[in-house]
Amino acid sequence: MLRRITNLFNRKEMADENMLLQSVDRNRIPKHIAIIMDGNGRWARRRGMPRSLGHRAGAETLRNVVKLCSELGVQYLTCYAFSTENWKRPQDEVSFLMDLLVEYLEKEIEELHNNNVRINAIGRLDELPSQAQQALARAFHKTGNNTGLTLNLALNYGGRREITDAVIEIVNRVNKGEIKCEEINDVLIGQSLYTAGMPDPELLIRPSGDCRISNFLLWQLAYTEFWLSDVMWPDFQRQHLLEAIVGFQQRERRFGGLIKK
Ligand code: IPE
Ligand code: IPE
Ligand code: MG
């Protein structure tokens, strides 16, 4: 009986997914999607489980989301995995998250590589534990020439830190005489950020009901469309991503101008 109900449920989900897939305009898939992968802890707590199991379930969601983005032809997927503020958490949670990163990279690398995914990371990677740095270096090396989706992991990432680092780099270049102060503009600043060379995200998704940026991509989100969802990240399924993309495609983006009617 339970299996029958589960099957019916799965079939309904599949039907929803197929309907959404038909609604997606393949010519207007966002080039760059950013996600604040939030809600792992609450998801676990509600089930009476330790927060770590929420993070593990969240890694599984990431796997499915990366696969769908690849299938849809998204070019960049930037996922907030660990912020510069997340070091404030208890030491055992921080250690678990760092170990999970290494495990994720080692377990998923073959499949990611076979799907032509290029792995990249933004943030102060030099401050991560050496095991994490080594796993990242291996992933960059293996997938560096892939031409499909770029999976951009935001690790020890903070938007304010990124802008501060950009300012320091620009000031150093001015002091060395490489550029003049008058040459500083938004293009140069963009090129000095960790995301240099990437288009700004068109769509930002934050699951789990909180409505804030939490120091994510402060510069790059200037005209990004926000999609806030109450679904906890571990429960975020393919159809939720498709809903976000269909919703995005229905938005009118004006960039401060007017749309001709
Ligand atoms: C997001 O889930 C993962 C990280 C920040 C590393 P949380 O751990 O923030 O989960 P909640 O927000 O406490 O539910
Ligand atoms: C943002 O989530 C960081 C990541 C998802 C990695 P947080 O859970 O750290 O954000 P706050 O503390 O609720 O703003
Ligand atoms: Mg959170």
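Start with ligand 1: of the 13 residues around it, Met37, Asp38, Arg42, Arg51 and Arg89 come nearest. Keep in mind that this is a predicted model. Besides the ligand site, the briefing looks at helix α6, residues 159–175.

**Ligand 1**

- Asp38, one of the nearest residues, has a side-chain N or O atom 2.8 Å from an oxygen atom of the ligand.
- Arg51 is also among the nearest, and a polar atom of its side chain sits 2.8 Å from a ligand oxygen.
- Gly41 joins in through its backbone, with an N or O atom 2.9 Å from an oxygen atom of ligand 1.
- On its own the ligand has 380 Å² of accessible area, and the protein covers 87% of that.

**Helix α6**

- How far apart are the end C-alpha atoms of α6? They are 24 Å apart, which agrees with the expected span because 17 residues at 1.5 Å a residue should also give 24 Å.
- The buried residues in α6 are Gly159, Glu162, Asp165, Ala166 and Ile170.
- Looking down the helix axis, the buried residues of α6 fall within an arc of 135°, so they line one face.
- That fits the general pattern: with 3.6 residues a turn, residues three or four places apart in an α-helix point the same way.
- Cover for the buried residues of α6 includes β4 (150–157) and α7 (186–191).
- Flip to the face turned away from the buried side and you'll find Arg160 and Asn175, both exposed.

**Just past the helix**

- Right after α6 comes Gly177 with a positive phi, at about 80°.

Definitions and conventions:
Residues numbered from 1 in each chain as written. Chains lettered and ligands numbered in written order. Predicted model: local features only at pLDDT ≥ 70, side-chain atom pairs only at ≥ 80, totals over all residues. Heavy atoms only, no water. Helix = DSSP H or I, 4+ residues; strand = E, 2+ residues; numbered from the N terminus. Expected span 1.5 Å × (residues − 1). Buried < 20%, exposed > 50% of the residue type's maximum accessible area, 1.4 Å probe, protein only. Arc of directions from axis to C-beta. Contact = heavy atoms within 4.5 Å. Near = heavy atom within 4 Å. Polar contact = N/O pair within 3.5 Å; in protein donor to acceptor, adjacent residues only side chain to side chain. Areas by Shrake-Rupley, 256 points an atom, 1.4 Å probe, with all protein chains shown as cover.
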